[in-house]
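Colleague: Could you walk me through this one while I have the viewer open? I'll ask as I go and jump around a bit.

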Amino acid sequence: MAGRRAVFVVLLSSCLLGFLRSALLAFATGGAATPSTHSVQSRSASSAKPALAPELPAAPADVPGADWSSAARLFSGCVLGALLLVSSMQPACADLEDTAIPVDGKGKTVNLSKEEIIRGKRLFNAACAVCHVGGGTRTNQNVGLGFEELSGAQPPRNTIDGLVDYLNAPTTYDGLKDISEVHPSIKAADVWPKMRTMKQKDLYDMSAYILYQNFTIPEKWGGGKQYY
C-alpha cells in the first residue's frame, strides 16, 4: 500500500508540475508577443530621424517573460517540496496501519490503532519498564522481550494471547516452574500491588505494544544498552 501511494504521489506531482510550467510559460510568451505602445512610439521616432544620423548601439532590452519564468520555477519548487513532504509522511502512516500483530498461534492477526499503541505504551512504562526498558531484561540479560526470545519460550510468548497468559500466571523460560511470586502477575496480585487494578484489557494492550515494538523497531527493541 505504501508503494502504491508513493508511485501515485510521484505521478501526480509530475503531471501537476508539467501543467503549471506549461501554463505559466505560455502566459509569459503571450504577454511578450504583444508590443507595448512605448515600443511602437520608439520605433516611429527612430524611423523619423535623418538617414545620415549615426546609429547608436541599442541598449540591452529586458528578456521578455523573465519575471514569469522565475516565478514559475519558484512556484514549481514550492509545489515539489510540499509533495515530497506529503509523500515522506505516507510510510509512517502506512507502518502504523499495516503492521499486523499476531493474536494467537493459529494465524489470527490484528492491526492496532494509534490510541491502542499509546495506551499500551503508557501501561508498559508504568508496570514493566523498570525491568524491561527498551525490551531488555535487567535481571536476566540473556532473555529479553525480542521476538526471537519470545518465540523460544515454552509455551511460546510471541503472540498477544501468549503474553497475556504469561502475565496472568508467569512460568520459567522452559515452562516448568511457576514464578508468579517473583514476577508481576495477576495470580500473585496480593504480592504485586500494581497488578491489582490491572484488567485483561490492560494486559492485552501491553502485550500488543510489546509485539508492535518488535515489528517496527526490531533492531532496537531488546537490543540492550547500545540503544537505550
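Colleague: To start somewhere specific, which helix do Asp 205 and Lys 201 lie in, and how many residues apart are they?

Modeller: Before the answer, keep in mind that this is a predicted model. Both residues belong to helix α7, where they sit four residues apart, about one turn of the helix, and their side chains meet in a salt bridge with an N to O distance of 3.2 Å.

Colleague: Is Asp 205 buried or exposed, and what about Lys 201?

Modeller: Asp 205 is buried, with a relative accessible area of 3%, whereas Lys 201 reaches 42% relative accessibility and therefore counts as partly exposed. The pair is also part of something wider, since salt bridges that share partners join Arg 119, Lys 201, Asp 202 and Asp 205 into one network.

Colleague: What does Arg 119 pair with there?

Modeller: The side chain of Arg 119 forms a salt bridge with that of Asp 202, at 2.6 Å from N to O. Because Arg 119 lies in helix α4 and Asp 202 in helix α7, this contact ties together parts of the chain that are 83 residues apart in sequence.

Colleague: And how accessible are Arg 119 and Asp 202?

Modeller: Arg 119 is partly exposed, its relative accessible area being 27%, while Asp 202 has 8% relative accessibility and so counts as buried, the limit for that class being under 20%.

Colleague: How many salt bridges does a search of the whole structure find?

Modeller: The search finds four. One that we have not discussed joins Asp 178 to Lys 187, with the closest N and O atoms 3.0 Å apart. In that pair Asp 178 is partly exposed at 36% relative accessibility, and Lys 187 is exposed, with a relative accessible area of 54%.

Colleague: Switching to rings: how many aromatic pairs are there?

Modeller: A search of the whole structure gives four aromatic pairs. One of them is formed by Phe 124 and Tyr 209, a tilted pair with 5.6 Å centre to centre and 50° between the planes. It links distant parts of the chain, as Phe 124 is in helix α4 and Tyr 209 in helix α7, 85 residues apart.

Colleague: Which other ring does Phe 124 pair with?

Modeller: Phe 124 also pairs with Trp 221, again in a tilted arrangement, at 5.7 Å centre to centre and 50° between the planes. Trp 221 is in the segment after α7 and Phe 124 in helix α4, so this pair ties together parts that are 97 residues apart in sequence. Phe 124, Tyr 209 and Trp 221 form one aromatic cluster; Phe 124 and Tyr 209 are both buried, and Trp 221 is buried too.

Colleague: Where does Phe 124 stand in the largest nonpolar core?

Modeller: That core has 27 residues, and Phe 124 is among those with the most contacts inside it, along with Ile 160, Leu 203, Met 206 and Ile 210. The elements that give two or more residues to the core are α4, α6 and α7, and the largest share, seven residues, comes from α7. As background, nonpolar side chains tend to be buried together in soluble globular proteins.

Colleague: New topic, the largest pocket. What is its volume, roughly?

Modeller: The largest pocket has a volume of about 660 Å³. It is lined by 29 residues, of which His 132, Thr 137, Thr 139, Tyr 166 and His 183 are the closest to its centre. The elements giving two or more residues to the lining are α4 (114-127), α6 (160-168) and α7 (200-216), and α6 supplies the largest share, three residues.

Colleague: How do the residues of that lining divide into nonpolar, polar and charged?

Modeller: The lining of the largest pocket divides into 19 nonpolar, eight polar and two charged residues.

Colleague: Last one, I've clicked on Gln 213: where is it, and is it buried or exposed?

Modeller: Gln 213 is in helix α7 and counts as buried at 11% relative accessibility. Its C-alpha atom is separated by 9.7 Å from that of Lys 121, although Gln 213 and Lys 121 are 92 residues apart along the chain.

Key: Residues are numbered from 1 along each chain as its sequence is written. This is a predicted model: local features need pLDDT of at least 70, side-chain atom pairs count only at pLDDT 80 or more; totals for chains, interfaces and linings use all residues. Side-chain values use heavy atoms; hydrogens and water are left out. On a 1 Å grid over the protein atoms alone, a cavity is a set of points where a 1.4 Å probe fits but cannot get out, and a pocket is an open set with protein on both sides within 12 Å along at least five of seven lines; lining residues have an atom within 4 Å of a point. Grid points are joined across faces, edges and corners, and a volume is the space filled by probe spheres set on the points. Ala, Val, Leu, Ile, Met, Phe, Trp, Tyr, Cys and Pro count as nonpolar, Asp, Glu, Lys and Arg as charged, and the others, Gly among them, as polar. Rings of Phe, Tyr and Trp (its six-membered ring) pair if their centres lie within 6.5 Å; planes under 30 degrees apart count as stacked, over 60 as edge-to-face and the rest as tilted. Buried means under 20% relative accessible area, exposed over 50%, partly exposed in between (1.4 Å probe, protein chains only). A nonpolar core is a set of buried Ala, Val, Leu, Ile, Met, Phe, Trp, Tyr and Cys residues joined through side-chain atoms within 4.5 Å.
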